[in-house]
Amino acid sequence: MQKIMESLKRWEHRWLTPKAESFDSPSHGLGIRAKENIKKGEDILVFGGVIIHKSQIEEYWKIMGHVGTQIDDDFFIVPTSREELKARGVINHSCEPNVGFKNQIQLCAIRDIKAGDEIFVDYSFCESLYPNSFACNCGSDHCRKEITKDDWMIKNIQTKYFAYFSPYLKVKIEKAD
Ligand SMILES: [Zn+2]
């Protein structure tokens, strides 16, 4: 058993395309940037880790200082160590994202990305429980300035990016229509 556990360690919980890398983002601390050109549709990141119920997520945030990825109304998938975050990077928010969700746990490029560009998702694509709003200075013409857990309900984001929302939010958006 010990041997099996040891051999499993060579795989990380989350997968990052070899075309991107973790780096110290000037504006955000940890980030992820493209090492080479990436085409629209290519896989970027697959989230893994452990599953945490919303009743325990605040305790997790306090320990890790990281939000994780909301995968359903009540559940998050989260990394289990800071080392893992550092190795695989943290996807920062932009109001003009270049990646979106392909399914619950997988991000793909939503437009061509140039080598050296930072990789950004719009947090409204998966978050509906994030407790605090935060200020955004992403520099986009469409910057919302304040990002909140309710941004997934904004109509023009839904219209522009519906295909890239997490499946559980697509269901909520369709029900609300
Ligand atoms: Zn912004």
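**Exercise 1. Which strands form a hairpin with two residues between them?**

Solution. In this predicted model, the hairpin is made by β9 and β10. Next, check the pairing: β9 and β10 run antiparallel and are joined by four bridges. Within this pairing, F101 stands opposite L107 in β10.

**Exercise 2. Place the hairpin in its sheet. What is the strand order, and which strands stand at the edges?**

Solution. Start from β10 and look for another partner. Strand β4 (residues 43-46) runs antiparallel to β10 (residues 106-109), with three bridges between them. Two opposite positions fix the register: L45 faces L107, and V46 faces Q106. Now write the whole order. The open sheet has four strands, β1-β4-β10-β9, paired antiparallel. β1 (15-16) and β9 (99-103) are the edge strands; each has a single partner, so one side of each lacks a neighbour in the sheet.

**Exercise 3. Which side chains of β10 are buried, and which are not?**

Solution. Recall the rule: side chains of a regular strand alternate between the two faces of the sheet. Apply it to β10. L107 and A109 point to one face and are buried. Q106 and C108 point to the other face and are not buried.

**Exercise 4. Which residues touch the most other members of the largest nonpolar core?**

Solution. The core holds 26 residues. I44, V99, I119, V121 and F125 touch the most other members. Then trace the sources: β3 (29-34), β4, β9, β10 and β11 (120-121) each supply at least two core residues. Take V121 as a case. Beyond its neighbours within four places in sequence, V121 contacts I91, H93, P97, V99, G100 and L107.

Key. Residues are numbered from 1 along each chain as its sequence is written. This is a predicted model: local features need pLDDT of at least 70, side-chain atom pairs count only at pLDDT 80 or more; totals for chains, interfaces and linings use all residues. Two strands pair if DSSP finds at least two bridges between them. A nonpolar core is a set of buried Ala, Val, Leu, Ile, Met, Phe, Trp, Tyr and Cys residues joined through C-beta atoms within 7 Å. A residue is buried if 20 or more other C-beta atoms lie within 10 Å of its own, exposed if 12 or fewer, and partly exposed in between; C-beta atoms are placed from the backbone. Two residues are in contact if their C-beta atoms, placed from the backbone, lie within 7 Å.
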